Amino acid sequence: MKKKIYFFDFDGTLTSADTLLAFIRYACGTRRFLLGFALFSPLLVLMKLRLYPNYRAKERLFAWFFRGMKIDDFDDVCTRFAHHSQRLFRLRALDKLREAFHYGETVCVVSASIDNWVRPFFDNLVKGSRSEFHVIGTQVATGTDGCLTGLFSVPNCYGAEKVRRINQLMPDIGEHRSDYQVIAYGDSRGDREMLDWADEAHYRPFV
């Protein structure tokens with residue numbers, strides 16, 4: 001029998017909102033959130049017009065809000081945000097996740113969002129499950145002082161990078177593909193390569 005592995009995009013697929021924006025507002029407050037987006041609005045427009053790289057715009061925005069913050073403090077805010085924001089999960093997505101965790105299937109969340117706040121969203125779901133669980137996300141860089149540099153330590157986990165990171169984490173899938181049933185869920189252009197790579201693809205299934 002083939003081993004099932006579920007790969008889920010996070011923002012927009014499992015959640016009803018972009019968690020980057022929700023996290024910044026939660027961590028920094030509404031006033032600073034609005035100020036930051038006012039300052040970066042020209043850059044964000046260029047990004048939407050595909051005249052400026054998505055990953056670079058995201059990194060500059062992240063740096064403006066969080067550069068210099070201690071990583072322990074950042075992780076604490078990430079955990080509180082995730083536990084406080086469970087309402088962002090789509091209900092049908094939660095049903096599918098609970099089913100996968102109940103049967104002990106392997107579950108992997110593959111997201112362009114920062115994995116520090118994505119992972120704790122699943123704390124309660126994983127608890128007591130036999131499932132192998134992974135989060136593959138964009139990772140933040142820290143300096144020797146333990147503070148965020150504002151840079152990302154890996155490429156933005158988007159598009160083809162999602163498949164590359166999956167194969168890096170789970171090389172056995174590529175080497176013994178016939179032993180696996182790969183099931184992927186996504187909702188945007190950034191998930192296209194992952195959906196094409198899967199044996200079974202679901203586009204916007206929980207909307």
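I began with how helix 1 and helix 2 lie relative to each other, in what is a predicted model. Their axes cross at roughly 130° and come within 7 Å. An angle of this kind falls outside the parallel, antiparallel and perpendicular ranges, so I logged helix 1 and helix 2 as oblique to each other. Helix 2 covers residues 30–48.

Next I listed who touches whom. Helix 1 brings L21, I24, R25 and C28 to this contact, and helix 2 brings T30, R32, F33 and F37. By class I noted five nonpolar, one polar and two charged residues.

I then turned to helix 1 (residues 19–28) against helix 3 (residues 54–66). I found an angle of about 10° and axes 11 Å apart. Angles under 35 degrees count as roughly parallel, so that is the entry for helix 1 and helix 3. The crossing is left-handed. From helix 1 the contact takes L20, F23, I24, A27 and C28; from helix 3 it takes K58, L61, F65 and F66. I counted eight nonpolar residues here, no polar ones and one charged.

I24 and C28 appear in the list with helix 2 and again in the list with helix 3.

Last, I looked at helix 3 alone. Its 13 residues reach 18 Å from first C-alpha to last, close to the 18 Å expected at 1.5 Å a residue. Which residues of helix 3 are buried? I noted A57, K58, E59, L61, F62, A63, F65 and F66. K58, L61, F65 and F66 also sit in the contact with helix 1. After helix 3 comes G68, with a positive phi near 95°.

Definitions and conventions: Residues are numbered from 1 along each chain as its sequence is written. This is a predicted model: local features need pLDDT of at least 70, side-chain atom pairs count only at pLDDT 80 or more; totals for chains, interfaces and linings use all residues. Side-chain values use heavy atoms; hydrogens and water are left out. Axes are lines fitted to C-alpha atoms, for helices over the stretch in contact, and angles run from 0 to 180 degrees between N-to-C directions. Helices (H or I, at least four residues) and strands (E, at least two) are DSSP runs, numbered from the N terminus. Angles under 35 degrees count as roughly parallel, over 145 as roughly antiparallel, 65 to 115 as roughly perpendicular and the rest as oblique. A crossing is left-handed if the near helix is turned anticlockwise from the far one by less than a right angle, and right-handed if clockwise. Contact means heavy atoms within 4.5 Å. Ala, Val, Leu, Ile, Met, Phe, Trp, Tyr, Cys and Pro count as nonpolar, Asp, Glu, Lys and Arg as charged, and the others, Gly among them, as polar. The expected span of a helix is 1.5 Å times one less than its number of residues. Buried means under 20% relative accessible area, exposed over 50%, partly exposed in between (1.4 Å probe, protein chains only).
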